[in-house]
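Work through the exercises below with the model open. Try each task before reading its solution.

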Amino acid sequence: MTEGPNERHDVSQASPDQLVDEIEDIRVRLAGTIDELIDRSNPKNIVKRQLAQVKAHFVAPDGSVRVENVVPVVAITAAVVGGIIVVRRLLD
């Protein structure tokens, strides 16, 4: 049967073969959904997606560095490290 997942029909009008086919279609869709959820929740895949997201933020699709995103991070990092050094010297 080629009905959508939310469409319902009169079960009393369906033949046993149609019901078996419909149940098999539902089982296949459900198995696919479960496999997709398992894949999405796999910690390794979560890490891969997050790393790809971070890389996409700093590297353009052509492989060049996105300077407009890298410079602020470098500047903030330098300021934090510089601040830590200054505070340590003042406390010593």
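## Exercises on a predicted model

Glu-24 is partly exposed, with a relative accessible area of 37%. Keep this residue in mind for Exercise 2. The model is predicted.

**Exercise 1. Describe the fold in outline: how many helices and strands does the chain have?**

Solution.
- Step 1. Count the elements. There are 3 helices and 0 strands.
- Step 2. Put them in sequence order. The pattern reads α-α-α.
- Step 3. Turn to burial. The chain has 92 residues, and 4% of them count as buried.
- Step 4. Look at the surface. About 8100 Å² is exposed, with 63% of it supplied by carbon and sulfur atoms.

**Exercise 2. Find the partner of Glu-24 in a salt bridge, and place the pair in the helix.**

Solution.
- Step 1. Search for a nitrogen close to the carboxylate. The cut-off is 4 Å between a side-chain nitrogen of Lys or Arg and a carboxyl oxygen of Asp or Glu.
- Step 2. Arg-27 meets it: its closest N and O atoms with Glu-24 are 2.9 Å apart.
- Step 3. Check the spacing. The two residues sit 3 apart in helix α1, so about one helical turn separates them.
- Step 4. Check exposure. Arg-27 has a relative accessible area of 47%, which makes it partly exposed. Glu-24 is also partly exposed, at 37%.

**Exercise 3. How many salt bridges does the structure hold? Analyse the one formed by Glu-36.**

Solution.
- Step 1. The total is 2.
- Step 2. Glu-36 pairs with Arg-40, and the closest N and O atoms lie 2.6 Å apart.
- Step 3. These residues are 4 apart in helix α1, so about one helical turn lies between them.
- Step 4. Glu-36 is partly exposed, with a relative accessible area of 43%. Arg-40 is partly exposed too, at 48%.

**Exercise 4. Which residues form a nonpolar patch on the surface with Leu-30?**

Solution.
- Step 1. Locate Leu-30. It belongs to helix α1, which covers residues 16-41.
- Step 2. Collect the partners. Ile-34 and Ile-38 complete the patch.
- Step 3. Take the area. Together the three residues have about 290 Å² of accessible area.

**Exercise 5. Compare the record with the model: what does UniProt list for residues 70-91, and what is the structure of that span?**

Solution.
- Step 1. Read the record. The unreviewed UniProt entry lists residues 70-91 as "transmembrane region".
- Step 2. Assign the structure. In the model, the span is 100% helix and 0% strand.
- Step 3. Take the end-to-end distance. The end C-alpha atoms of residues 70-91 are 32 Å apart.

Conventions: Residues numbered from 1 in each chain as written. Predicted model: local features only at pLDDT ≥ 70, side-chain atom pairs only at ≥ 80, totals over all residues. Heavy atoms only, no water. Patch = residues over 30% accessible without salt bridge, like charges linked within 9 Å, V, L, I, M, F, W, Y side chains within 5 Å. Areas by Shrake-Rupley, 256 points an atom, 1.4 Å probe, with all protein chains shown as cover. UniProt positions renumbered as here; feature names shortened; annotations may be inferred. Buried < 20%, exposed > 50% of the residue type's maximum accessible area, 1.4 Å probe, protein only.
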